[in-house]
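These are my notebook entries on one protein chain, written while I went through the structure residue by residue.

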Amino acid sequence: MNVEDLDLGDVVYAAHTIIDDGSMPYSEEGAILAEAGARGVIVMKGHVEEDPGLTVFLVRFEDSELNLGRPIGCWTEDLIAPDLEPVTTH
């Protein structure tokens with residue numbers, strides 16, 4: 001499954017450790033926002049106004065105690081989509 005195909009409420013994983021680049025309010029530049037492999041949920045999906053082809057996701061990642069953190073802005077390359085099993089009907 002492609003990350004671009006995901007939408008609100010879908011589960012994703014951090015493709016790498018996500019570090020604050022200085023753009024997160026109430027956080028210090030260089031702080032770890034999500035560890036590589038952390039599970040998260042998409043809470044908003046949009047596009048960059050200057051480049052409508054560039055998708056940005058707001059994702060709430062779980063911490064070590066499985067609590068959802070505050071939303072973090074992520075690019076497609078920051079996320080891994082889980083492989084979904086095909087749905088079978090009988």
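Entry 1, Asn67 and its loop. I looked up Asn67 and found it partly exposed, with a relative accessible area of 40%, in a model that is predicted. Asn67 has its place in the loop between E5 and E6, and when I leave out residues up to four places away in sequence, it touches Phe61 and Glu62. In that loop I also checked Leu66, which has a positive phi of about 65° although it is not a glycine. Leu66 is exposed, and its relative accessible area is 58%.

Entry 2, the salt bridge. Having met Glu62 as a contact of Asn67, I searched for salt bridges and noted that the structure holds 1. The partners are Arg39 and Glu62, whose closest N and O atoms are 3.0 Å apart. This pair links distant parts of the chain, for Arg39 sits in strand E4 (residues 39-48) and Glu62 in the loop between strand E5 (51-61) and strand E6 (72-75), with their positions 23 residues apart in sequence. For the accessibility of Arg39 I recorded a relative accessible area of 38%, so I count this residue as partly exposed.

Entry 3, Asp78. I then asked which side chain of opposite charge is nearest to Asp78. It turned out to be Arg70, which is 15 Å away, and Asp78 has no salt bridge although it is buried. Asp78 lies in the loop between E6 and strand E7 (79-80). Setting aside its neighbours within four places in sequence, I listed its contacts as Tyr13, Ala14, Ala15, His16 and Ile18.

Entry 4, Thr55. Is Thr55, a residue of strand E5, buried or exposed? Its relative accessibility is 2%, and because buried means under 20% relative accessible area, I entered Thr55 as buried. The side chain of Thr55 makes a polar contact with the side chain of Glu4, at 2.8 Å. Beyond the neighbours within four places in sequence, Thr55 is in contact with Glu4, with Lys45, Gly46 and His47, and with Cys74, Trp75 and Thr76.

Entry 5, Tyr26. I looked at the backbone of Tyr26 and noted a phi near 60°, which is a positive value in a residue other than glycine. Tyr26 is found in the loop between strand E2 (18-19) and strand E3 (32-34). With 85% relative accessibility, I entered Tyr26 as exposed.

Entry 6, the chain as a whole. Stepping back from single residues, I counted 0 helices and 7 strands in the protein chain, and the pattern read along the sequence is accordingly written β-β-β-β-β-β-β. The C-alpha trace spans about 55 × 35 × 20 Å along its principal axes. Of the 90 residues, 27% count as buried, among them Thr55 and Asp78. Among the contacts with a separation of 6 or more, 45% come from residues 24 or more positions apart. The chain exposes about 6,200 Å², and carbon and sulfur atoms supply 53% of that area. For the charges I noted 4 positive and 19 negative ones, whose mean positions are 8 Å apart.

Definitions and conventions. Residues numbered from 1 in each chain as written. Predicted model: local features only at pLDDT ≥ 70, side-chain atom pairs only at ≥ 80, totals over all residues. Heavy atoms only, no water. Helix = DSSP H or I, 4+ residues; strand = E, 2+ residues; numbered from the N terminus. Buried < 20%, exposed > 50% of the residue type's maximum accessible area, 1.4 Å probe, protein only. Contact = heavy atoms within 4.5 Å. Areas by Shrake-Rupley, 256 points an atom, 1.4 Å probe, with all protein chains shown as cover. Lys, Arg positive; Asp, Glu negative; His and termini not counted. Charge placed at Lys NZ, Arg CZ, Asp CG, Glu CD. Salt bridge = Lys/Arg side-chain N within 4 Å of Asp/Glu carboxyl O. Polar contact = N/O pair within 3.5 Å; in protein donor to acceptor, adjacent residues only side chain to side chain.
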